[in-house]
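Colleague: Could you take me on a close look at one part of this model, the stretch around the loop that follows the long helices, and then show me how the rest compares? I'd enjoy a connected account rather than a list.

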Amino acid sequence: MKKTIIISSAVLLLSGCGLYTKYERPDVNTTGLIRDVLADADTLAVNTDENFGQLPWREVFTDPQLQQLIQTALDNNTDLRNAALNVKMSEDMLRVAKLSFLPTVAFAPSGTLSRLYIDGASTSKTYQLPIAASWNVDLFGNILSQKRSAQVALLMTKDYQVAVQTNIICGVANLYYTLMMLDEQVGIITDMEGLVKETWDMMKLQKDLGHARSTSVQSAEANYYQVQAQKADLKRQIREMENSMSLLLNEAGHQIPRGKFYEQSLPRQFAAGVGIQLLSNRADVHAAEMQLAQCYYDVETARSRFYPNLNISANAIFTNSAGSMVMNPGKWLLSAVGQLTQPIFQHGQIVAGLKVAQAQQEQAFNTWQNLILKAGNEVSNALLLYSVSDEKSQLEAKQVEVLTQNVEDTRQLYRSKGTSYLEVIQAQSSLLNARISQVQDDFYKMQAVVNLYQALGGGGQ
């Protein structure tokens, strides 16, 4: 009874020193984590009723062809397969850590034949059937802290798997929208190519009639070649984007089936939440916290090494060998030993191990805290990108309308000699740039939705 009281008191004392305690999340100041980027705009509705990042990816990306591409990438991507294998390895390591509480048992039978080469000597036959068991009594939490470290390591690998899945989903979506944006720009360039060719033909006719100089024809021709060069560059970008998409799909480079740019339907209202609750769905943030928890348990493991190690071993041997005698049948030989080892001097290894573990824990905390701030900035930037791009797109739509009329008016004036050929070319260039910019900003709106979904930890479902 007295021994039980002593052991219980020791356990309570060690618990107060930090051993046996579970990880608890440290306090992190998240005030103002998400900057209010929508104070002067109401394009997006931000509330806390629902987290946009918790929506299944099929509800966010509704294009059937995009959904098929995402599913193919999730099925084939090698990074995601490797992440799944990491989870399996962590599960095996946790299983080993749990079994560390049980005794180790070994069975090592042996037999011996011996004979003296003298007249009348017989062959001596001996055998041993030993079973040895050894149990490390976890009085000071060494095995417990290692098991808990393995548990959070498993959670961390699962978080990594989700983070890889999120990156794949959002990567495929971004490339898909990029391809459609480039297709739309090629269409604009093609339309402008025909218009510029008409202008070139018109100026050649004016020159033949003696109403224009050769320099105007040369400028129109150069403008036509410039537009064709832009088109060729866009086609190159399309091929590169298709190759990048094929790589995500783990397939050889090929043409990617896709829809129309302005037929896409994406969410327009987003719930962002506030503070650290906003980021609780982000796998990489949670993985960083699990890294911190693992370092916490590593510190406990390092601290437990300062205390004695109690090992109990037992042996049971069925043998017919009794020293110089051979007995038949054999008999059981039983033994048990208890050993208590208290570290005294180990060249400073235990002290150094604790200091290193504590430093690694501090590093993990800094990394986690910085990642929270980074995630908040990513959410803020995505919201800002959507808001500003939407505003610019509306202004550019008006600009395109004005410039379209301006091109027609300058062409009419040129025919009646009311303006120079330079104004015609300038008007066409301005219209082309405005249309390209509008498509670019509409693409940025799509990209902002993808970025926000990724920043809020979407894609895990």
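**A close look at one loop and its surroundings**

Modeller: Happy to! Let's begin with Asn250, which sits in the loop between H6 and H7. Please keep in mind that this is a predicted model. The phi angle of Asn250 is near 60 degrees, a positive value in a residue other than glycine. That deserves a second look, because most residues other than glycine have a negative phi. As for its surroundings, Asn250 counts as partly exposed because its relative accessibility is 40%.

Staying with this loop, we come to Arg258. Its side chain meets that of Glu242 in a salt bridge, with 3.0 Å from N to O. Glu242 belongs to helix H6 while Arg258 is in the loop between H6 and helix H7 (275–278), so the pair ties together parts that are 16 residues apart in sequence. Are these two partners buried or exposed? Glu242 has a relative accessibility of 6%, so it counts as buried. Arg258 is at 18%, and because the cut-off for buried is under 20%, Arg258 also counts as buried. The pair does not stand alone, either: Asp183, Glu242 and Arg258 are linked in a network of salt bridges.

From Glu242 we can move along helix H6 to two other salt bridges. In one of them, the side chains of Lys231 and Glu193 meet at 3.3 Å, N to O. Lys231 is in helix H6 (residues 214–248) and Glu193 in helix H5 (residues 142–208), so this contact ties together parts that are 38 residues apart in sequence. Both Lys231 and Glu193 are buried.

The other salt bridge joins the side chains of Asp233 and Arg236, at 2.7 Å from N to O. Here both residues lie in helix H6, three residues apart, which is about one turn of the helix. Asp233 has a relative accessibility of 32%, so it counts as partly exposed. Arg236 is likewise partly exposed, because its relative accessibility is 40%. To put these pairs in context, a search of the whole structure finds 12 salt bridges.

What about disulfides, how many does the structure hold? It holds zero. Two cysteines are still worth a glance: Cys170 counts as buried, because its relative accessibility is 1%, and Cys295 counts as buried at 5%.

Now for the strands. On the surface, Val105, Phe107, Leu129 and Ile131 form a nonpolar patch, and together they have about 380 Å² of accessible area. The elements that give two or more residues to this patch are strand E1 (104–107) and strand E3 (124–137). Val105 is the residue to pick out in strand E1: at 61% relative accessibility, Val105 counts as exposed.

Strand E2 (residues 110–114) is where we find Thr112. With a relative accessible area of 44%, Thr112 is partly exposed. Thr112 and Gln128 are 16 residues apart in sequence, and their C-alpha atoms are 8.8 Å apart in space. Moving on to the loop between E2 and E3, we meet Thr123, which is partly exposed with a relative accessible area of 40%. Thr123 and Leu113 are 10 residues apart in sequence, with 6.7 Å from C-alpha to C-alpha.

Last on our walk is helix H3 (residues 64–76). It has 13 residues and reaches 18 Å from its first C-alpha to its last, close to the 18 Å expected at 1.5 Å a residue. At the start of H3, a side-chain oxygen of Asp63 comes to within 2.9 Å of the backbone nitrogen of Gln65. Further along, the buried residues of H3 include Leu66, Gln67, Leu69 and Ile70, and Thr72, Ala73 and Leu74 are buried too.

If you want one place to return to on the screen, I'd suggest the loop where we started. It holds Asn250 with its positive phi, and it also holds Arg258, which is linked with Asp183 and Glu242 in the salt-bridge network.

Notes
Residues are numbered from 1 along each chain as its sequence is written. This is a predicted model: local features need pLDDT of at least 70, side-chain atom pairs count only at pLDDT 80 or more; totals for chains, interfaces and linings use all residues. Side-chain values use heavy atoms; hydrogens and water are left out. A salt bridge is a side-chain nitrogen of Lys or Arg within 4 Å of a carboxyl oxygen of Asp or Glu. Helices (H or I, at least four residues) and strands (E, at least two) are DSSP runs, numbered from the N terminus. Buried means under 20% relative accessible area, exposed over 50%, partly exposed in between (1.4 Å probe, protein chains only). A disulfide is a pair of cysteine sulfur atoms within 2.5 Å. Patches are made of residues with over 30% relative accessible area and no salt bridge: like charges are joined within 9 Å, nonpolar side chains (Val, Leu, Ile, Met, Phe, Trp, Tyr) within 5 Å. Accessible areas come from the Shrake-Rupley method with a 1.4 Å probe; for residues, only the protein chains shown count as cover. The expected span of a helix is 1.5 Å times one less than its number of residues. A polar contact is a pair of N or O atoms within 3.5 Å; within protein, one must be able to donate a hydrogen and the other to accept it, and residues adjacent in sequence count only if both atoms are side-chain atoms.
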